[in-house]
Amino acid sequence: MTPSTTVDFAAGTWANRPVAISDKATEVILTPDTPQKTEPIATSDLTRDAREALQRGDVVVARGRLTKALEQGLSHEEADWARNELIRIADALLFSRATNVNDPLVARYTVQAGDNAHSIARKRHISESLLAKVNEMAKPDLLRAGERIKIINGPFWARVDKSDHRMDVYVDDTIVRSFRVGLVAEGGRPT
């Protein structure tokens, strides 16, 4: 069975629910699993647009609005909410088998004769382990010609905000992860 995945996205937390749609394809639908936590009141037109996009299921637009809102500056509470939403979206759309046909950060690729995980990953500027994880490959070195896999269009890059002690990880211009980081002078150690 060659998996093919799509996404039905709505606000809330999402859970993968495989649904057989034919003998040759599987659809993964991401649906609300639990009610979303209380959100801060939107103070930015971009965050308001992002919330509306999430409500109508347009996560690619929401993701773009949230990233732009963070670049323009938000309150700490709203910035935390935006980063958490971006991470949830990345978990659902990038770091799972699910794909969204309107998502420029991912593509479906049909394995050609002679392809291997290393060469495919290198062309897309991602690691073999990420390619294997996203596609749930038990043995990434055993790709079959004609198999369809999900590809993240890398490369990944990071921006460190020293004043906020935060590192945001991007694919293209989109935040997909965010980490608190410790910063020290040369030779020093963080507490």
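Two strands are taken to pair if DSSP finds at least two bridges between them. In this predicted model, that criterion underlies an open sheet of three strands in the order β5-β6-β7, with antiparallel pairing. Two helices, α1 and α2, also meet, their axes coming within 8 Å, and helix α3 lies across β6 and β7.

**The sheet**

- The edge strands are β5, covering 156-161, and β7, covering 174-180, and each of them pairs on one side only; from one strand to the next, the twist averages 25°.
- Strand β6, made of residues 166-171, pairs with β5 in the antiparallel sense over six bridges, and in this strand Tyr170 is the bridge partner of Trp157.

**Helix against sheet**

- Helix α3, which spans residues 76-93, lies across β6 and β7 and runs at about 120° to β7.

**The α1 and α2 pair**

- Helix α1 (residues 45-55) and helix α2 (residues 59-72) have axes that cross at roughly 165°; because angles over 145 degrees count as roughly antiparallel, the two helices are therefore roughly antiparallel to each other.
- The crossing in which α1 passes α2 is left-handed.
- On the α1 side, the contact involves Leu46, Thr47, Asp49, Ala50, Ala53 and Leu54, which meet Val59, Val61, Ala62, Arg65, Leu66, Lys68, Ala69 and Gln72 in α2.
- By residue class, this contact of α1 with α2 divides into nine nonpolar, two polar and three charged residues.

Note on methods. Residues numbered from 1 in each chain as written. Predicted model: local features only at pLDDT ≥ 70, side-chain atom pairs only at ≥ 80, totals over all residues. Heavy atoms only, no water. Helix = DSSP H or I, 4+ residues; strand = E, 2+ residues; numbered from the N terminus. Axes fitted to C-alpha atoms, helices over the stretch in contact; angles between N-to-C directions. Contact = heavy atoms within 4.5 Å. Parallel < 35°, antiparallel > 145°, perpendicular 65-115°, else oblique. Left-handed = near helix turned anticlockwise from the far one by under 90°. Nonpolar A, V, L, I, M, F, W, Y, C, P; charged D, E, K, R; others polar.
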